[in-house]
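Subject: Handing over the structure

Dear colleague,

I am passing on the structure we talked about, and I would be glad if you could look it over alongside the notes in this message.

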Amino acid sequence: MSVLSAARDGVNRALRPFGVQMVRGHSDDPAIQPFLSARRTLAAARRAGVSVEDHIDRYSAAAGATAETVDALLRLADLGEHVERVCEIGPGSGRYAARVTAATHPDAYEIYETAGDWLPRLRSLPNVVVRPADGHTLSATATGSVDLAHAHKVFVYIPLVVTVGYLDEMARVVRPGGIVAFDVVNENCLDAATTKNWVASGATLYGMISRTWLLDRLAQRGLSLLGSHFVPLSGGRTELLVFRRA
Ligand SMILES: C[S@@+](CC[C@H](N)C(=O)[O-])C[C@H]1O[C@@H](n2cnc3c(N)ncnc32)[C@H](O)[C@@H]1O
């Protein structure tokens, strides 16, 4: 094993409780954060004899977390059984994409994914349109064109300014009456026990964003909060926020 691989394995051991791994060939743009290696994750799910969704749920959150999150999103969004276009930032393994697609049968499901090793799997989902992911924008998506713009476990670990840029982009691409949904770590997620645990374990991966500030900023862009749902995250929780565009 090379010195570099040994160092990477050491870092990955430290990151494991947070459900993230460093992989080779990653961008040096700080906006683009590493994700689980597709090869290793798919192999681990196969070895365990479970679906990739179940494997990631167990590894990084809690059993059933993906299904519960999508159910909450769809209940709050009330999109019906057919939508024209969905746009997802950072779909990773496609665990949310598969469920949202099965429920809403979109004509097009646009994805912006910076981890190239997951793209072959994502391309196998129905009606997927792989957009060029620059790590910052939804530049290939027309203004006011999508019924649902969403992201999961992305805005918990990319830099704040990149999240804010993406939120502006989501507000731009969603059609009037459409839905914007994403989860974040905010003040509702950091109770004393979680904060103590994160300090003790040196959980440098996550960033917090103020809920009030977020709601004000999105309200200025025509997005009003429909409701929210807490989602497990290893060692804590995030809050899924669901908005409708005026
Ligand atoms: C923690 S993973 C979550 C993946 C998936 N949404 C899920 O919950 O299983 C974050 C995802 O965002 C992607 N990502 C990281 N930085 C990004 C960026 N700047 N723009 C778009 N995607 C990004 C990663 O490659 C990864 O797929």
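What follows is a short account of what was found, going from the whole chain to its strands, its loops and the ligand.

Please keep in mind throughout that this is a predicted model. The secondary structure of the protein chain comes to 9 helices and 7 strands, and of its 246 residues 36% are buried. Among the contacts with a separation of 6 or more, 63% are made by residues that lie 24 or more positions apart in the protein chain.

A good place to begin is β2 (108-112), which is largely enclosed by the rest of the structure because 4 of its 5 residues are buried. Strand β1 (residues 85-89) pairs with β2 in the parallel sense over 5 bridges, and within this pairing valine 86 stands opposite tyrosine 109 of β2. Strand β3 (residues 128-130) is also paired with β2 in the parallel sense, here over 3 bridges, and the bridge partner of tyrosine 109 in β3 is valine 128. Together with α5 (95-104), the strands β1 and β2 make up a β-α-β unit that is right-handed.

The loop between α5 and β2 holds two residues that deserve a closer look. Histidine 105, which is placed in this loop, has a positive phi of about 45 degrees although it is not a glycine. Most residues other than glycine have a negative phi. Histidine 105 counts as partly exposed, because it has 15 C-beta neighbours inside 10 Å. Proline 106 is found in the loop between α5 and β2 as well, but it counts as buried, because 24 C-beta neighbours lie inside 10 Å. Leaving aside residues up to four places away in sequence, proline 106 touches Val83, Glu84, Arg85, Val86, Thr101 and Asn127. Of these, valine 83 is 23 residues apart from proline 106 in sequence, while the two are 4.8 Å apart in space, C-alpha to C-alpha.

Another residue with a positive phi, about 60 degrees, is lysine 153, again although it is not a glycine. Lysine 153 has its place in the loop between β4 (146-151) and α7 (160-173), and it is buried, since 23 other C-beta atoms lie within 10 Å.

Further along the chain, strand β7 (residues 236-245) is mostly covered, with 8 of its 10 residues buried. Strand β5 (residues 174-184) runs antiparallel to β7 and is joined to it by 6 bridges, in which isoleucine 179 has arginine 244 of β7 as its bridge partner. Strand β6 (residues 223-233) likewise runs antiparallel to β7, with 10 bridges joining them, and the bridge partner of valine 231 in β7 is threonine 238. β6 and β7 form a hairpin with 2 residues between them, and in that turn glycine 235 has a positive phi of about 75 degrees.

Which residues are the closest to the ligand? They are Phe35, Gly90, Gly92, Ala115 and Gly135, out of 24 residues that surround the ligand. By class, the shell around the ligand has 14 nonpolar, 7 polar and 3 charged residues, and at least three residues of the shell are drawn from each of domain 1 (3-59) and domain 2 (61-245).

With best wishes

Notes: Residues numbered from 1 in each chain as written. Predicted model: local features only at pLDDT ≥ 70, side-chain atom pairs only at ≥ 80, totals over all residues. Buried ≥ 20, exposed ≤ 12 C-beta atoms within 10 Å, placed from the backbone. Contact = placed C-beta atoms within 7 Å. Pairing = 2+ DSSP bridges. Right-handed = clockwise from strand over helix to strand, strands pointing away. Near = placed C-beta within 6 Å. Nonpolar A, V, L, I, M, F, W, Y, C, P; charged D, E, K, R; others polar. Domains from an automatic or database assignment.
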